[in-house]
Amino acid sequence: MLSSLRSIVQELNATQDLESVLTIIVRRVRETMATQVCSIYLHEEKSHAYTLMATEGLNPESVGQVSLSANRGLVGLVASREEAINLDDAEAHPNFEYFPETGEERYSSFLGVPIIHHRAVLGVLVVQQTSKRRFDEGEEAFLITMSAQLAGIIAHAEVTGALVSMGSQAVKELKFVGIAGAQGVAIGDAVVVTPLSDLNAVPLQQCDDVDAEIRFFNQCLAAVREDVRHFSLQLEERLNKEEQMLFEAYASLLDDAALGREVIEQIKQGYAAQYAWSTVIGEHVKTFQSMSDPYFRERATDVQDLGRRVLAYLQQSTQTKVVYPDATILVGEDLTASDLAEVPKEKLVGLISVKGSGNSHVAILARSMGIPTVMGAVDLPFTRLDGRHVIVDGYHGHVYSDPGDQLLKHYQEIAEEDLQMAAVLDAVKDLPSETLDNHRVSLWVNTGLIADAQMSLDRGAEGVGLFRTEVPFMLRDRFPSEEEQRAVYREQLEAFAPHPVTMRTLDIGGDKSLPYFPIQEDNPFLGWRGIRVTLDHPEIFLSQTRAMLKASEGLDNLRILLPMVSTLPELEIAQMLVNRAFMELIDEGFSIQMPQIGVMVEVPSAVYQAREFAAKADFLSVGSNDLTQYLLAVDRNNPRVADLYGAMHPAVLRALQQVVDCCRAEGKPVSICGEMAGDPKAALLLVAMGFDVLSMSASGLLKVKSVLRGIKLEEAKELLDQVMALPDAESINICLDKVMRRVGLGRIFNPGAAE
Ligand code: PEP
Ligand code: MG
């Protein structure tokens, strides 16, 4: 059964359109279970009914004709109960409903299982047979397993099918749901970025000049043919007969007139060579994968490999250079900081990433740049979005393709309202950040790009609580030299002087990798991250801290922050290394001051040892993004568990209070530089807890300031007491929303609520 399951899923993975997906499922499930009927009913959002969409065994004419509302018939019952129903005599069941057009009266036994994706019932998968016998446990378990695996594929095919094919006039407005990444609304044109040589991620694109595209395709094919010939000659003596045959098979595939013809046919229809090649290869891979002979099934890998080689040529020397529209919405499976850097700054208005979640680093970067972003749009067939008009709703995490006039108008109004709100907020820019009863709170910013500095200063930032030094490391193709680093750090320190700038030592690992220093691990968030990497590479740590110290000469506004510290010896060794760098530079004649050294509290062990860390360090700064993920055991990047990730969880709030209390006891300052500091609701609680500094993305600064200026510290403390007694994040959020509305600050907390 397992191998049938695998081969069905493999066959489906290479299939795009919904109709073919459903047809394959009913055919293969019926075959594998040796039943007489297999059918699929899918849920229709508008009518709330379950409609027969594919069948093997029932009258094919009834497809699309039979529809049951939830709770009607056995199919409706499976859907509403969200569990399998297994009957030896379906007709005897009180819910049985007879549809003469299906011809199903002949079938006595019925097994129906719900198809559930992201907690929603997409449809029902049914098998039936004539004999009056209950399906056995094994069969039931198989169908449930099948359905669980199929749900994602069906959901994907549904949305892909809905995005009408290129060139058609009948475009339809579609909505895709993801996770809010950075607030705001963007309306623009999608530009899809894809990793090179990935056959499954080639954007659907047109070509302008068909003849030139065909010539270009033939050149690339010839180049790969030449490569293959070259390899096989080079390796001739070392290859055994079987391996030589592989090269011959490769060469013959490339010479296969049929393959080239299919691609050229597609190019003639206006498709770009890359896209045409990837779809034709996809079809061939699918054919090989579905063969029962293991030898031929294996050949699918060869076709894929060859496909990637040709694609690499097509992409390397692609005819068309990316032209970024004036309002570019960058779309990718897993966007990175360098993808963002490719787009001219003034043209980038929105971001959509299929992977990642609200606290992934690319979302944090987007927030600091003020670019509306949707993350974790897992069902988005992103390769089909290239060139389409889209709306990014970064408030709710929604994406709309080909929006109609009414929707456009609605979002233009929200964008307009946002501008007005920005003007209102601008008014507090130069006012002190203090509560109604004059309690001062320092509002600092998190930066990573030089561009952040101006925006932060424009918004009245009083310091930098976190400069993510890994960003300049990510934008290069090798480690920056000490001098290159010094120049970057100097610019940052100068921009903010005399305000303090807290520079974090290199924090790579987890979801932040450097292309020139790859870290491959099964469990990267629990692996070689942050201080663990740099203490294992003191040369990196030393050159970085030397660069920071040199950069601070004459400014003396540097503070150094250590990420991912989980043990006291890590702090001690880091302090010793900074001290060494400092002494070296003094010996070299630099006139510098020893900076304060702080520890990030972002793992549970640091919470429990906060007192000891506070005693040894100069200050503590809570990294609530990681602390939340490690306390709740919820990956901050995984959209599947995004609902469970939340800094308002009572356990996180209690941990924060504990850290503040430990710092108080040691007389050391405490700040917070995770994203929650920029959430105005959370900021109230943090101030009440006693944090000295809130450090946030520049985009949140003015909102936080206006909220603090609208409330008394005493009120915030009462609110904190109330919140600390609540059992879960949801009730805490509801409670805070209510309070905010009461004091007239609702719009700041719920921007874009008009949806
Ligand atoms: C944090 O973890 O809260 C933090 C500020 O660091 P980063 O988001 O860069 O991991
Ligand atoms: Mg962190």
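Q: What makes aspartate 626 a polar contact of ligand 1?
A: In this predicted model, a polar side-chain atom of aspartate 626 lies 3.0 Å from an oxygen atom of ligand 1. A polar contact is a pair of N or O atoms within 3.5 Å, so the pair at 3.0 Å counts. Local features need pLDDT of at least 70, side-chain atom pairs count only at pLDDT 80 or more, and totals for chains, interfaces and linings use all residues. Side-chain values use heavy atoms, without hydrogens and water, residues are numbered from 1 along each chain as its sequence is written, and chains are lettered from A and ligands numbered from 1 in the order in which they are written.

Q: Which atoms of arginine 468 and glycine 623 pair with an oxygen atom of ligand 1?
A: For arginine 468 it is a polar side-chain atom, at 2.8 Å. For glycine 623 it is a backbone N or O atom, at 3.3 Å.

Q: How much of ligand 1 does the protein bury?
A: Taken alone, ligand 1 exposes 290 Å², and the protein buries 100% of that. Accessible areas come from the Shrake-Rupley method with a 1.4 Å probe.

Q: Why are α23 and α25 called roughly perpendicular?
A: The axes of α23 (residues 680–689) and α25 (residues 713–724) cross at roughly 100° and come within 8 Å. Angles of 65 to 115 degrees count as roughly perpendicular, so this pair qualifies.

Q: Which residues make the contact of α23 with α25?
A: Contact means heavy atoms within 4.5 Å. On α23 the residues are Leu684, Leu685, Val687, Ala688 and Met689. On α25 they include Leu713, Lys717, Leu720 and Met724.

Q: What is unusual about the peptide bond from alanine 497 to proline 498?
A: That bond is cis, with omega near 10°. Most peptide bonds are trans. Proline 498 sits in the loop between α15 (482–496) and β17 (501–504).

Q: What is the sign of phi at histidine 118 and at alanine 633?
A: Histidine 118 has a positive phi of about 50°, and alanine 633 a positive phi of about 55°. Neither is a glycine. Most residues other than glycine have a negative phi.

Technical notes. Axes are lines fitted to C-alpha atoms, for helices over the stretch in contact, and angles run from 0 to 180 degrees between N-to-C directions. Helices (H or I, at least four residues) and strands (E, at least two) are DSSP runs, numbered from the N terminus. Angles under 35 degrees count as roughly parallel, over 145 as roughly antiparallel, 65 to 115 as roughly perpendicular and the rest as oblique. A polar contact is a pair of N or O atoms within 3.5 Å; within protein, one must be able to donate a hydrogen and the other to accept it, and residues adjacent in sequence count only if both atoms are side-chain atoms.
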